[in-house]
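Visitor: Hi! Could you walk me through this one? I have a few quick questions.

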Amino acid sequence: MRLIRLLQRLKVTIKTPNTVSKRPYCDNVPKPLRSLKPKSTRDTVQHYVDSFRVRTVGGNGGDGCISFLSVWCKDHAGPDGGDGGNGGHVIFKATNSVRSLNHCKAVIQAKPGEKGFNKDCSGKNAGHVIVNVPIGTIIKNQNGQVIGDLDREGLMFVAARGGAGGRGNKFFLTDTEQAPDIAEFGAAGETNIYHLEVRSLAHVGLLGFPNAGKSTVLRAISRARPNVAPYPFTTLKPHIGTILYDDYEQVAVADLPGLIPGSHMNYGLGIQFLQHVERCRGLVFLLDGSSSPGDQLRVLRRELRGYSAALAHRPALLVVNKIDLPEAKRNYELMRNDYDNVIGVSAKYGVNLQQLLAAIRAIYDENDFRE
């Protein structure tokens, strides 16, 4: 007993089967890190391209050559026309080195093969054009049918085959035809049109009405620089920001274009906007606290169900923005009475952003969004 009293005076915690220290041994909750690198000052802001329509053109084959060998003391030595080279292919290759389709061009064309030469010299084959695409890229034809799914590193899809090279007149030499004066033209390369889609745009997508503050939130929690303006539909393309945590985990958050009532019936650009939502693994319903956030939430959920029943079951988080305004703060308190786990933030003044980042990491871990 004397020893215990002495230890208590020294404020040493004794762990027994009936007593447990109130202070945890370590804190395993990952914390977001503040980026020390300043944001870019470039005038152009790069948005994320998650779907792209591309026309691929294979290279034409080289023409065969018509030639007859003429040497000293032998004027008619026979045909010596070489074959043309093969045209190049256009190939899509899945790789981890790229994350979007920003680098893709509307028309991708391979080079043609070289024509044949005399003295039995064949033309060179053209090199293939390999276009790197993110892992998980889906390739659709003009009818919307999925014809390719590049879901593994290094997997390739031949989008357009190059034409075969034409044969020279030496090929047509026979016992009865000693001086053929014909050759083949090179075959034309294939021309195809595809629609590329990235299966996963981001781990979490910010979903809400126009002017709800999605771009402002993304600016506040990451180094992304989407345009911010006091009018609706400022964002027409998704922007991606990355949140860094102290356990070296990175969570990608997408600023998605705003939805309006009737989007699932393609009002405005509704279907195009909802396709971006479909490529996010989790959703953050960002509600404007200054104008009926409950009604906004019901409309957003109705639009998601109308477009795809699977979207209604995605992991989601409710966030009320602009709580620095008095009416928004009152609406936030009403939302807390009706829904569980509602977070109130002010992206403009940075209120409760740490709580938002912790909640984003929680749904990231609970639903195993790791690739």
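Guide: Happy to, and let's begin with a charged pair: this is a predicted model, and in it K170 forms a salt bridge with D120.

Visitor: How far apart are the closest N and O atoms of K170 and D120?

Guide: They are 3.2 Å apart. The pair links distant parts of the chain, with K170 in the loop between β7 and β8 and D120 in the loop between β3 and β4 (129-134), 50 residues apart.

Visitor: And how does K170 count at its relative accessibility, buried or partly exposed?

Guide: K170 counts as partly exposed, at 35% relative accessibility. D120 is also partly exposed, with a value of 40%.

Visitor: How many salt bridges does the count come to?

Guide: The count comes to eleven. One of them is between K140 and E197, where the closest N and O atoms are 3.4 Å apart. K140 lies in strand β5 (residues 137-140) and E197 in strand β8, so this bridge ties together parts that are 57 residues apart in sequence.

Visitor: Is E197 buried or exposed?

Guide: E197 counts as buried, at 11% relative accessibility.

Visitor: What about D365, which residue does it form a salt bridge with?

Guide: Its partner is R361, with the closest N and O atoms 3.0 Å apart. Both residues lie in helix α6 (residues 353-366), and they are four residues apart, about one turn of the helix. R361 is buried, with a relative accessible area of 4%, whereas D365 is partly exposed at 31%.

Visitor: Which residues are joined into one network by salt bridges that share partners?

Guide: Those are K140, E197 and R279.

Visitor: Back to R361 for a second. Which ring does it lie over?

Guide: R361 lies over the face of Y245, at 5.0 Å from the ring centre. R361 therefore appears in two contacts, the salt bridge with D365 and this one with the ring of Y245, for which the cut-off is 6 Å from CZ to the ring centre. There is also R301, whose charged end sits over the ring of F285, 5.9 Å from its centre.

Visitor: Nice. Switching to ring pairs: how many aromatic pairs does the structure hold?

Guide: It holds two. In one, the ring centres of F157 and Y194 are 5.7 Å apart and the planes meet at 85 degrees, so the pair is edge-to-face. F157 sits in strand β7 (residues 156-160) and Y194 in strand β8, 37 residues apart, which makes this a link between distant parts of the chain.

Visitor: Are those rings on buried or exposed residues?

Guide: F157 is buried, with a relative accessible area of 15%, and Y194 is buried with 7%.

Visitor: And which residues form the pair at 5.3 Å centre to centre?

Guide: That one is F171 with F172, edge-to-face with 90 degrees between the planes. F171 counts as partly exposed at 46% relative accessibility. F172 is partly exposed too, at 22%, and the line for buried is under 20%.

Visitor: Let's do sheets. What is the strand order in the open sheet of five strands?

Guide: The order is β3-β1-β8-β5-β6, with mixed pairing. At the edges stand β3 (107-109) and β6 (146-150), each with a single partner strand, so one side of each is left without a neighbour in the sheet. From one strand to the next, the twist averages 30 degrees.

Visitor: In which sense do β1 and β8 pair?

Guide: Strand β1 (residues 51-57) and strand β8 (residues 191-198) pair in the antiparallel sense, over seven bridges. Within that pairing, R53 stands opposite H195.

Visitor: Last one, on β9. How many of its six residues are buried?

Guide: Six of the six residues of strand β9 (residues 202-207) are buried, so the strand is largely enclosed by the rest of the structure.

Visitor: And which strands does β9 pair with in the parallel sense?

Guide: One is strand β12 (residues 280-288), over five bridges, and there A202 has C280 as its bridge partner. Another is strand β11 (residues 250-255), over three bridges, where V204 stands opposite V253.

Methods. Residues numbered from 1 in each chain as written. Predicted model: local features only at pLDDT ≥ 70, side-chain atom pairs only at ≥ 80, totals over all residues. Heavy atoms only, no water. Buried < 20%, exposed > 50% of the residue type's maximum accessible area, 1.4 Å probe, protein only. Helix = DSSP H or I, 4+ residues; strand = E, 2+ residues; numbered from the N terminus. Pairing = 2+ DSSP bridges. Axes fitted to C-alpha atoms, helices over the stretch in contact; angles between N-to-C directions. Phe/Tyr/Trp six-rings, centres within 6.5 Å; stacked < 30°, edge-to-face > 60°. Lys NZ or Arg CZ within 6 Å of the ring centre and 35° of its normal. Salt bridge = Lys/Arg side-chain N within 4 Å of Asp/Glu carboxyl O.
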